[in-house]
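Reader: I would like a close look at one residue in this model, and then an account of the parts that can be described in the same terms. Please state the cut-offs as you go.

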Amino acid sequence: MIRFQDVCKSYPDGTEAVRDFTLEAPTGKTTVLVGSSGCGKTTLLRMVNRMVDPTSGAVWIDDENVADVPPVPLRRRIGYVMQNAGLLPHRKVIDNIATVPLLNGVPKAQAHARAAELMELVGLEARQANRYPDQLSGGQQQRVGVARGLAADPNILLMDEPFGAVDPLVRADLQAELLRIQRELEKTIVFVTHDIAEALALGDQIVILAKGARIAQAGTPQQVVAEPADDFVADFLGLGRGTLDLHLRETPTGTLVVDGHGRPAGRLVEPG
Ligand SMILES: Nc1ncnc2c1ncn2[C@@H]1O[C@H](COP(=O)(O)OP(=O)(O)OP(=O)(O)O)[C@@H](O)[C@H]1O
């Protein structure tokens, strides 16, 4: 379990990014922090692996205060996946994935064997192992980023808008892969996004944040959609603005759900 306890963060220029934030991210579950640009999501995420230290308060991993763990060993046991994958351009895919195990002293052959397994897990082809990152598509690069985050077999995976830079179809693919991988591996994931649809799709728990990392609402996707805590949350969900104003449209092949703009939102499946 990850526990943020009364954390605050003010940057040296006086920006108050996080004010008195308390939250538990349960073990083996995906917690999604969702909110508009600048509300403090990345700052919170980086407190877990000490890329940012809180001004006050504490972050706990189980019964260990991360402030008591030196940053380098801490980061080597926590997976981190960032937007644009953050790959090393002059290193082959296989070496990018094996980076952390190699730093941890795992012999090269073993680290590469593990990297090859991970490539398969995230849906990359074996022949892509010896390519360089710029020889892959954006979506494939993100898959490499996820594989690299998992390479040291961390219990915790931090993901900062990992699918933000790819087109919607690839993004949906990557989300589906992550759900599949998570069903298998049951990592404790903290996932940052500004996309409410992504949050609803991926989160066991979603945390809707306002400026200063104020928790507007935390709960399961079902709870948040069924009972938005206030107008801010309803607005963020698109309720009341017509975007989630769903209707049924009969088509020759079945019933389609469309949104307020007539765009398809999904297929209606009868319960049971
Ligand atoms: N190193 C820094 N120095 C000063 N201010 C910072 C620094 N890093 C972040 N901030 C400010 O802190 C606030 C929160 O930033 P943060 O990156 O955590 O937000 P975010 O929700 O992740 O935003 P985005 O979705 O745009 O990445 C913003 O006002 C930002 O400008």
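Which residues does F236 touch, not counting residues up to four places away in sequence?

Author: F236 touches I196 and I208, if residues up to four places away in sequence are left out. Touching, or contact, is meant here as two C-beta atoms, placed from the backbone, lying within 7 Å of each other. The model is a predicted one, in which local features need pLDDT of at least 70 and side-chain atom pairs count only at pLDDT 80 or more, while totals for chains, interfaces and linings use all residues. Residues are numbered from 1 along each chain as its sequence is written.

F236 belongs to helix 9 (residues 231-237). Helices and strands are DSSP runs numbered from the N terminus: H or I over at least four residues for a helix, E over at least two for a strand. F236 counts as buried because 23 other C-beta atoms lie within 10 Å. The scale behind that word calls a residue buried at 20 or more other C-beta atoms within 10 Å of its own, exposed at 12 or fewer, and partly exposed in between, with C-beta atoms placed from the backbone. One of the contacts also bridges a stretch of sequence: I208 is 28 residues from F236 along the chain, and their C-alpha atoms are separated by 8.4 Å.

L136 can be described the same way. It lies in the loop between helix 4 and helix 5 and is partly exposed, because it has 18 C-beta neighbours inside 10 Å. Its contacts, again without residues up to four places away in sequence, are Q128, R131, Q141 and V144. The C-alpha atom of L136 is 9.2 Å from that of V93, a residue 43 places away along the chain.

Two of those contacts, Q141 and V144, are among the buried residues of helix 5. Helix 5 runs over residues 138-150, 13 residues in total, and covers 19 Å from first to last C-alpha, close to the 18 Å expected at 1.5 Å a residue. The expected span is 1.5 Å times one less than the number of residues. Helix 5 is largely enclosed by the rest of the structure, because 11 of its 13 residues are buried. These buried residues pack against strand 6 (78-82), helix 3 (93-103), helix 4 (108-121), strand 7 (156-160) and helix 6 (168-185).

Now the sheets. One open sheet has 4 strands in the order 2-1-4-5, with antiparallel pairing. Its edges are strand 2 (16-25) and strand 5 (64-65), each of which pairs on one side only. Pairing requires at least two DSSP bridges between two strands. Strand 1 (residues 2-10) is joined to strand 4 (residues 56-61) by 5 antiparallel bridges, with C8 opposite S56. Strand 1 and strand 2 are antiparallel as well, over 6 bridges, and V7 has F21 as its bridge partner. The hairpin of strand 1 and strand 2 has 5 residues between the strands, and G14 there has a positive phi near 100°.

A second open sheet, also antiparallel in its pairing, has 3 strands in the order 11-12-13. Strand 11 (247-251) and strand 13 (264-267) are the edge strands, each pairing on one side only. The average twist from one strand to the next is 35°; such angles run from 0 to 180 degrees between N-to-C directions, along axes fitted to C-alpha atoms, for helices over the stretch in contact. Strand 11 and strand 12 (residues 254-258) share 5 bridges, and T251 is partnered with G254.

Two backbone angles deserve a check. Most residues other than glycine have a negative phi, and most peptide bonds are trans. R50, in the loop between helix 1 and strand 4, has a positive phi near 65°. D62, in the loop between strand 4 and strand 5, has a positive phi near 50°. R50 is partly exposed because it has 18 C-beta neighbours inside 10 Å, while D62 is exposed because it has 10.

Last, the ligand. Among the 13 residues around the ligand, those that come nearest are Y11, A17, S37, T42 and T43; near means a C-beta atom, placed from the backbone, within 6 Å. Helix 1 (residues 41-48) gives the largest share of this shell, 3 residues. The shell divides into 3 nonpolar, 8 polar and 2 charged residues, where Ala, Val, Leu, Ile, Met, Phe, Trp, Tyr, Cys and Pro count as nonpolar, Asp, Glu, Lys and Arg as charged, and the others, Gly among them, as polar.
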